[in-house]
Amino acid sequence: MAGLGALIFVALHVVVMGACVAHILLREHRQPESRAAWLILVAAVPYAGVVAYMLFGRTSVGRRRVERLTDAFRALPRPEGPVRSAVQDEYAPLFAVGHSISGYEPVGGNRAKLLDGSEAVIDAMVADIDAATDHVHLMFYIWLDDVSGRRVAEALMRAAGRGVACRALVDDLGSRHFLRSPLWAAMGEAGVQTRRALPVGNPLFRALLGRIDLRNHRKIFIVDNRVTYCGSQNCADAAFLPKAKYAPWVDSVVRFEGPVAAQAQHLFASDWVGNGGDDFTAALGPVAAVSEPGVRAQVIGSGPTFRTTAMPELFAALIYAARDELCVTTPYYVPSAAIHSALCAAANRGVATTLILPARNDSFAVGAASRSYYRDLIVAGVRLYEFEPGLLHAKTLTLDGRVSLIGSTNMDRRSFDLNYENNVLVDDAGLTEAIRTRQGDYLVQSRPVTLDTVDGWSTGRRIWNNALAIVSPVL
């Protein structure tokens, strides 16, 4: 009898492990290093590894959600601004990559301003909400019930009180504390339409339908289909109380006016309708140019229901396009092999390449994995710096004093594979100069990382960094 029980156990073990391994090997759109990391985990801790893979190894939000989100994005009328920019210069391929991801054309006729710090962003948002006459639409990954969060919420309630259509969408996991706050309830009672993006519900049941931690990481703000913001800042104070020991959180946000707002509006609408909100197609009309020729800009939305490898392709294209100078800031550097190689190649071919990362990372695993790449970068000639006074949360890229990218996407696998993100690609010397100057401000507050720095790390620290880099696809 004992022998039969052992035989049954072995058979079940083979079936469970075999099914998991087959799923890892057969799943589409999986990078080889990701497959290898999951296979190592499942082999090292068989049953815990299988459970971890079921919870976190898939990249689907669930079949029904995929259908709703995809149908909403495709069915809503596409924005067509009155000033469509026919990009025919050396940067045309970059905008072509952006268009292939989310289908938006680069449009001119925009004004753009890089805002001065977190408080200035909130001041500007509140002013725009108070000036709204038709609608205000907001999407945040994290919204906190702090000074900044309350100011924006109160402005929305004032706007709703005077008849402005206000819609607020927040990620169910990122804003979980705010969703349970009296302020969220008060917004609904005041007439603000509120929705949760990717609601988790029962975690065990949700895990059977799709991965729980695929999140909507976007930060979208639109007023009257005319003004939009894009950047890294959540609706929260720079002190960011949930992780105050890393504060201040340092962000970069650009305020745009003009046709590009219609693209942000369409992206928000697809999130809103895809998460059960009402259809406000009437607000998706064209937007007049506000400046001639103005800033040329293009919204780029990405996520699990968009083309796989979309953002890595864009980052690689931007890096390879650099001829003279490239500067990147990101809080989380756990890149794909292609992006890491592209950065090293840029420095090796003589481009003045600078990468600025935070000295202290709020994710110990990501911070350690990031440092495993330092030696390669430095040897290639990348000027590497760690920002010291707080957590550098800005996601910016500038190249050759002409092109810039700003938005919510980090240079890590979570942003590439798991999160819904929004960015704006810009071809404008003035705005790029402003962002590059801001990057320079970060630089003077940072310490250089040299080969001597890396060589000074203990053997244990290097093992730790490299081990976490190996399993980074799992992270």
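A pocket, as the word is used here, is an open set of grid points where a 1.4 Å probe fits, with protein on both sides within 12 Å along at least five of seven lines. Keep that in mind as we walk through this structure, which is a predicted model.

Let's start with the empty space. The largest pocket has a volume of about 830 Å³. Its lining is made up of 32 residues, and those closest to the pocket's centre are Tyr141, Lys243, Tyr332, Asp362 and Arg414. Three elements give two or more residues to this lining: α8 (176-179), α14 (364-371) and α16 (413-418). What classes of residue line the largest pocket? Nonpolar residues account for 15, while nine are polar and eight are charged.

Now for the charged pairs. The structure holds 23 salt bridges, and a few of them are worth finding in the viewer. One joins Asp130 to Arg158, with the closest N and O atoms 3.0 Å apart. This pair links distant parts of the chain, since Asp130 sits in helix α6 (residues 117-131) and Arg158 in helix α7 (residues 147-161), 28 residues apart. Are these two partners buried or exposed? Neither label fits: Asp130 counts as partly exposed because its relative accessibility is 33%, and Arg158 is likewise partly exposed at 41%.

Another salt bridge brings together the side chains of Asp271 and Arg218, at 2.8 Å from N to O. Here too, distant parts of the chain are linked: Asp271 belongs to helix α11 (residues 260-274), whereas Arg218 lies in the loop between α10 (203-209) and β5 (220-223), 53 residues apart. Both Asp271 and Arg218 are buried.

Next, look at Glu257 and Arg226, whose side chains meet in a salt bridge with an N to O distance of 2.9 Å. Glu257 is in strand β8 (residues 253-257), and Arg226 is in the loop between β5 and β6 (227-231); the pair links distant parts of the chain, 31 residues apart. What is the surface exposure of each partner? Glu257 has a relative accessible area of 13%, so it is buried, the cut-off being under 20%. Arg226, at 30% relative accessibility, counts as partly exposed.

Glu257 and Arg226 also take part in a wider arrangement. Together with Arg111, Asp128 and Arg255, they are linked in a network of salt bridges.

Technical notes:
Residues numbered from 1 in each chain as written. Predicted model: local features only at pLDDT ≥ 70, side-chain atom pairs only at ≥ 80, totals over all residues. Heavy atoms only, no water. Salt bridge = Lys/Arg side-chain N within 4 Å of Asp/Glu carboxyl O. Helix = DSSP H or I, 4+ residues; strand = E, 2+ residues; numbered from the N terminus. Buried < 20%, exposed > 50% of the residue type's maximum accessible area, 1.4 Å probe, protein only. 1 Å grid on protein atoms, 1.4 Å probe; cavity = no way out; pocket = protein on both sides within 12 Å on 5 of 7 lines; lining within 4 Å. Points joined across faces, edges and corners; volume = space filled by probe spheres on them. Nonpolar A, V, L, I, M, F, W, Y, C, P; charged D, E, K, R; others polar.
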